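Reader: Hello! I have the sequence and the coordinates open side by side, and I would love a close look at one part, followed by how the rest is held together. Could you walk me through it?

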Amino acid sequence: MPDYDLDTLLGINHKLSPQTKRDIFGIAFVEKQSFDYHKINSEYHLAKYNNCSEKTPLIQFKIGHGFMYDDWLKRYLNKPISFLKKVGHCIAWVTPDVSIDMEATEAQAIGIIESVRWIGRLGQEMGQIVFPSVGWSRKELDDICFAGLRDGSIFFISTLGVNNEQCKPNFLRGYKEMRRRYPNSKIVCIGKQIEGMDNDVIYIDYQESFGYSSCLQYKLFTSLEISKGDEKYGE
């Protein structure tokens with residue numbers, strides 16, 4: 001047998017602790033963790049994985065996320081220890097949002113969901129705060145796509161690329177199914193609100209989720225200007 005380093009070996013065998021709870025198809029649960037949901041996008045801002053660095057300004061207040069191209073995300077999954085070191089600079093992070101094609105087989109869907117839930121649970125076992133990204137495909141794959149989740153958790157979803165006549169009906173179908181299965185969960189959505197979605201969701205503009213210091217500085221500057229305007233109006 002080849003002499004693999006730990007990073008490569010974990011990427012191959014997906015070994016978790018024996019205490020790990022598993023859902024259908026052996027998919028590991030990303031467990032519910034305590035976190036102040038209402039501080040997301042006010043005190044705790046988002047940063048894409050590639051901006052999760054110890055040199056990133058205010059990284060300790062950032063939540064790392066991977067709503068990006070699948071080929072990038074698969075590289076992170078193949079090097080789990082390196083990935084966890086990277087996102088470990090953040091206060092919390094979101095599991096990679098690897099897409100499941102509408103034509104995917106059950107085996108392909110299981111492989112994707114198993115991988116993203118696995119790395120989320122691995123991060124939790126290493127003491128990190130991890131939120132599951134949740135996506136879906138066609139209705140027949142719902143049991144797979146929604147496996148490994150706990151009701152009452154904070155879920156991250158995205159509306160990127162689905163606000164069109166072709167994709168919107170199935171997106172809303174899956175969104176409503178997610179909320180039916182997990183009615184007590186809190187939702188953060190990267191992208192704009194689509195008619196039919198709920199108002200209790202935190203919506204974050206995609207460009208504001210990149211984690212560049214300029215975006216945060218602009219947001220803080222705008223907030224200060226609004227505050228000054230309110231005070232002046234009050235006079």
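Author: Let's start with helix 4, residues 106–125 of this predicted model. Of its 20 residues, 14 are buried, so helix 4 is largely enclosed by the rest of the structure. Does its length fit its residue count, and what is the span between its ends? At 1.5 Å a residue, 20 residues should span 28 Å, and the C-alpha atoms at the two ends of helix 4 are 28 Å apart, which agrees. Just after helix 4 comes Gly127, whose phi is positive, at about 90°.

Moving on along the chain, we reach strand 4 (130–131). Strand 4 belongs to an open sheet of 4 strands in the order 1-2-3-4, with parallel pairing. It is one of the edge strands of that sheet, the other being strand 1 (45–48), and each of these pairs on one side only. The partner of strand 4 is strand 3, residues 92–94, and the two run in the parallel sense over 2 bridges. If you would like to find that pairing on screen, look for Trp93, which has Val130 in strand 4 as its bridge partner.

Further along there is another set of paired strands. Strand 5 (residues 154–158) pairs with strand 6 in the parallel sense, over 5 bridges. Here Ile157 stands opposite Cys189 of strand 6. The connection is worth tracing too: strand 5, helix 6 (residues 168–181) and strand 6 together make a right-handed β-α-β unit. Strand 6 covers residues 186–190 and is mostly covered itself, with 4 of its 5 residues buried. Strand 6 also pairs with strand 7, residues 202–204, again in the parallel sense, over 3 bridges. In that pairing Ile190 stands opposite Ile204 of strand 7. As a rule, side chains in a regular strand alternate between the two faces of the sheet.

Now for the charged side chains, which may interest you most as a chemist. Side chains of opposite charge can pair when their charged atoms come close. The structure holds 12 salt bridges. One of them joins Glu31 and Arg150, whose closest N and O atoms are 2.8 Å apart. Glu31 sits in the loop between helix 1 (6–13) and strand 1, while Arg150 sits in the loop between helix 5 (142–145) and strand 5, so this pair ties together parts that are 119 residues apart in sequence. Both partners are partly exposed: Glu31 has a relative accessible area of 22%, and Arg150 has 27%.

Another salt bridge links Glu43 with Lys39, at 3.9 Å from N to O. Glu43 is partly exposed at 45% relative accessible area, and Lys39 is partly exposed at 28%.

Helix 6, from the β-α-β unit, gives us one more pair. The side chains of Arg181 and Glu177 meet in a salt bridge of 2.7 Å, N to O. Why are these two separated by about one helical turn? Because Arg181 and Glu177 are 4 residues apart in helix 6. An α-helix has 3.6 residues a turn, so residues three or four places apart point the same way. The two partners fall on opposite sides of the 20% cut-off for being buried: Arg181 counts as partly exposed at 27% relative accessibility, whereas Glu177 counts as buried at 15%. The pair is also part of a network, in which salt bridges that share partners join Asp143, Glu177, Arg180 and Arg181.

Terms used: Residues are numbered from 1 along each chain as its sequence is written. This is a predicted model: local features need pLDDT of at least 70, side-chain atom pairs count only at pLDDT 80 or more; totals for chains, interfaces and linings use all residues. Side-chain values use heavy atoms; hydrogens and water are left out. Buried means under 20% relative accessible area, exposed over 50%, partly exposed in between (1.4 Å probe, protein chains only). Two strands pair if DSSP finds at least two bridges between them. A crossover is right-handed if, with the strands pointing away from the viewer, the path from the first strand over the helix to the second runs clockwise. A salt bridge is a side-chain nitrogen of Lys or Arg within 4 Å of a carboxyl oxygen of Asp or Glu. The expected span of a helix is 1.5 Å times one less than its number of residues.
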